[in-house]
Each structure stands twice: as C-alpha cells, then as structure tokens.
Amino acid sequence: MPIPTLPSALFAMNPVHLPELFPPHLMTRLRELVRIDPGHVIQDFTDPTAALALSETEVLITGWGCPHIGAEVLDAAPRLRTVLHAAGSVRSMVGEAFWDRGITISSAVQANALPVAEYTLAAILFAGKDAFRFRERFRAERVYPAVGEYAGIGNLGRRVGVIGASRVGRRVLELLRPFDFEVLLHDPHLDDAEAARLGAVPMPLEELLSGSHVVSVHAPDILETYRLLNRERLALIPDGGVLINTSRGALIDPDALTEELVSGRISAVLDVTEPEPLPAASPLHGLPNVFVTPHIAGSLGNELARLGGTVVAELERLTAGSAPAHAVLRADLAISA
C-alpha cells in the first residue's frame with residue numbers, strides 16, 4: 001500500500017516571528033503533519049521564488065506580516081484549500097476574491113484573546129487601587145499619603161462596565177467572576193439571557209458609561225463602532241472613573257479623550273491609541289492619570305507559542321478529517337475585528 005503524501009504547506013509572514021510561533025517541539029509536530037520548509041518564509045507574493053511554492057501549496061500558514069491574499073495570489077495557488085492564521089484578525093489579509101474560492105480559513109484569534117484579557121484584568125485591579133496615580137506620586141515625593149487620602153480606594157463592590165462581548169470581552173467577564181465586582185455589559189448583538197449567563201448585567205451604552213467606575217472597551221473595530229465613545233459619551237463617565245482600551249484607538253474620539261484626560265476628570269489605561277504609536281509630543285505621555293503601553297496586551301514573547309500551537313491543533317483536526325475549531329466565516333467579519 002503506498003504511503004500517503006503529506007500536504008504541501010508554505011509559511012507567509014514576517015520571518016522574525018517564526019521561531020517564537022513555532023518553537024522546536026511545535027515545528028517538529030508541524031513537519032509531521034505537512035511538508036514545509038522552515039527556511040522558506042514568504043513576505044512578498046510577487047517574489048519570483050514564491051511562484052513555484054504557491055503552485056504546490058495546499059496549506060498556507062500565515063501570521064503578522066503576511067501580504068494580502070488577493071485574486072492574483074489565489075490564481076497562482078490552484079491547489080490551496082486551507083489557510084491557517086497564527087495571529088488574530090484576518091480582515092486585512094483576505095478580500096472578497098478569497099471568499100469565492102471555497103477555501104477554509106482558521107485564525108488563532110481565540111488564543112490571542114487570552115493575554116489581552118489578562119492585561120485587562122490587571123489594569124482593572126490596579127485601577128481600583130488607584131495604583132498608577134499613587135505610584136507616580138510616591139516616585140516624586142517619596143512619602144506615604146495620609147490615611148484620609150485612601151477614601152474611596154478599593155475593588156470591593158466596584159462597578160466594571162465591559163463594552164463588547166467579543167472573545168476578549170468574554171474572557172474578561174470570566175476572569176472577573178472570582179472578584180467582588182458588579183459587572184455591567186453592553187453589546188447590541190447579545191440578548192439579556194446570554195449576558196446573564198456571562199455573569200453580567202446588560203444595559204444600554206449610555207447607562208453603562210454613567211454607572212461604571214471602570215469602563216473597559218472590547219468592541220471590534222468596524223464601521224459601526226468608529227468613534228463609539230465620542231465627546232458626549234465620554235462625558236458620561238463619572239468623575240474619577242477609569243477608561244481602559246485594549247481594542248483599537250479608532251473606537252474613541254482622540255481629541256475628546258485627550259481633553260478629558262488633560263483636565264484630570266477621569267483616568268485611562270491605554271494599550272492602543274489613535275494615532276498609533278502615540279506621537280512623542282502628546283500630552284498624554286506626561287499625565288499622572290494616564291498609563292500608556294506600546295500595544296503589548298496581545299501575544300508577545302513566549303505567548304506566541306500559544307498561537308502556533310493553535311495552528312498545529314487545527315492541522316491535526318484537518319488531518320483527522322474533522323472541521324477546524326476556529327474557522328472564520330465571511331459573515332463573521334461584519335461584527336468582528
């Protein structure tokens with residue numbers, strides 16, 4: 001009986017990510033499932049060396065830095081039947097032509113949601129203790145605040161408003177369960193019963209903003225959410241409230257946010273901004289009530305192996321004749337990042 005030939009696969013991404021996405025144990029398993037050359041990573045589909053590889057490729061393994069997979073690329077890859085994305089959103093990577101070819105596409109977006117949710121939980125807990133402001137003050141003054149200055153500080157009974165029951169949003173809701181928070185949720189695509197199952201009180205956006213001590217943004221970056229938090233809605237956040245954004249900067253009016261933060265009325269933890277990166281001259285860099293990080297909430301360092309592991313697990317399912325666990329459908333892009 002002839003030995004079945006392994007499917008031919010090709011990497012398409014920025015090669016700098018490859019060693020962390022697929023450390024030795026994962027690369028070994030990957031090569032047991034497909035024929036792939038770890039030394040051949042495509043960054044430009046128009047490169048002459050890509051043409052022959054594409055003509056043979058049945059499985060395309062993509063990641064950050066993958067070029068757009070347009071009609072010409074698909075024409076050059078007639079055997080392509082599966083794309084496995086070792087990262088989050090595929091929105092900018094594939095266009096309309098892709099969906100007409102009947103190619104299966106899977107994403108590691110679920111795995112990438114985990115560290116974002118962990119970052120968010122840490123930010124919520126630190127915000128409740130006003131840790132960012134006290135750290136700045138202690139660094140400058142080197143003395144403890146007076147006891148009376150701790151009034152109102154703490155996480156007991158604090159109301160946390162979550163905007164968006166996305167994959168990250170749902171994981172945040174799950175992580176919040178062991179704590180003594182009152183959790184509010186706004187998501188126009190979710191019914192009340194599902195919100196309750198997630199452990200949150202559903203409510204309209206304006207009520208959530210005005211009733212929350214901490215507001216955390218997890219809605220997708222789509223046309224309907226552009227400037228979701230405009231000047232009027234930001235003004236609804238109570239004095240002393242904290243806004244956390246690990247989604248996309250486009251969801252918040254940057255001028256209105258800057259004005260609110262410069263005034264000192266509210267505080268913010270921002271892992272994403274608009275523009276991104278935040279300009280060096282932005283006043284937000286020097287404000288004691290603003291904690292800005294350089295888009296680090298998503299998978300970094302050793303967390304990337306979780307994304308590679310998702311690709312390997314998807315290949316194992318496909319090899320066994322099962323459907324992928326994290327397939328992306330055309331309709332998904334209307335309401336997801």
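Let's start with a sheet: seven strands form an open one in the order S8-S7-S6-S9-S10-S11-S12, with parallel pairing. At its edges are strand S8 (201-202) and S12, each of which pairs on one side only. Keep in mind that this is a predicted model.

**Walking along the seven strands**

What holds neighbours in a sheet together? Strands of a sheet pair through backbone hydrogen bonds, either parallel or antiparallel. Here is how some of the pairs look in this model, along with one pair, S4 and S5, that belongs to another sheet we'll get to below.

| Strand pair | Bridges | Direction |
|---|---|---|
| S6 and S7 | five bridges | parallel |
| S9 and S10 | four bridges | parallel |
| S10 and S11 | four bridges | parallel |
| S11 and S12 | three bridges | parallel |
| S4 and S5 | four bridges | parallel |

You can pick out single bridge partners too. Val162 has Leu185 in S7 as its bridge partner. Ser216 is matched with Ile244 in S10, and Val242 stands opposite Ser267 in S11. Moving on to S12, Val292 is the bridge partner of Leu270.

Strand S10 (residues 242-245) deserves a longer look. Which way do its residues point? Val242 and Ile244 point one way, while Leu243 and Asn245 point the other way. Are these residues buried or exposed? All of them are buried.

How does the chain get from S10 to its neighbour S11 (residues 267-270)? Helix H12 (residues 254-263) comes into play here: S10, H12 and S11 make a right-handed β-α-β unit.

**A core and a pocket**

Now for the greasy part. In soluble globular proteins, nonpolar side chains tend to be buried together. The largest nonpolar core in this model has 29 residues, and Ile124, Val162, Leu176 and Leu185 touch the most other members. Helix H6, strand S6 (159-163), helix H8 (167-176), strand S7 (182-186) and S10 each supply at least two residues of this core. Which element gives the most? That's H6, with eight residues. Two of the well-connected members should ring a bell: Val162 and Leu185 are the bridge partners from the sheet.

There is open space to look at as well. The second largest pocket has a volume of about 320 Å³. It is lined by 23 residues, and the closest to its centre are Ala127, Asp130, Gly240, Val242 and Ser267. Val242 and Ser267 are the pair that stand opposite each other in S10 and S11. Where does the lining come from? Helix H6 (109-128), helix H7 (131-141), S11 and strand S12 (290-292) each supply at least two of its residues. Sorted by class, the lining has 13 nonpolar, six polar and four charged residues. So H6 turns up twice in this story, as a contributor to the core and to the pocket lining.

**The other sheet**

Five strands form another open sheet, in the order S2-S1-S3-S4-S5, again with parallel pairing. Why do S2 and S5 each have a side without a neighbour? Strand S2 (41-42) and strand S5 (104-107) stand at the edges with a single partner strand each, so one side of each is left without a neighbour in the sheet. For a close-up of S5, find Ser106, which has Leu84 opposite.

Leu18 is in helix H1 (residues 18-21). Is Leu18 buried or exposed? It has 7% relative accessibility, and buried means under 20%, so Leu18 counts as buried. From Leu18 to Asn112 is 94 residues in sequence and 16 Å in space, C-alpha to C-alpha.

**Odd spots in the loops**

Finally, look at some backbone details. Cis peptide bonds join Glu274 to Pro275 and Glu276 to Pro277. In each case omega is about 0 degrees. Pro275 is found in the loop between S11 and S12, and so is Pro277.

Which residues other than glycine have a positive phi? Arg227 is one of them, with phi near 55 degrees, and His295 also has phi near 55 degrees. Arg227 lies in the loop between S9 and helix H11 (231-234). His295 is in the loop between S12 and helix H13 (304-319), and at 35% relative accessibility it counts as partly exposed.

Methods
Residues numbered from 1 in each chain as written. Predicted model: local features only at pLDDT ≥ 70, side-chain atom pairs only at ≥ 80, totals over all residues. Heavy atoms only, no water. Buried < 20%, exposed > 50% of the residue type's maximum accessible area, 1.4 Å probe, protein only. Pairing = 2+ DSSP bridges. Right-handed = clockwise from strand over helix to strand, strands pointing away. 1 Å grid on protein atoms, 1.4 Å probe; cavity = no way out; pocket = protein on both sides within 12 Å on 5 of 7 lines; lining within 4 Å. Points joined across faces, edges and corners; volume = space filled by probe spheres on them. Nonpolar A, V, L, I, M, F, W, Y, C, P; charged D, E, K, R; others polar. Core = buried A, V, L, I, M, F, W, Y, C linked by side-chain atoms within 4.5 Å.
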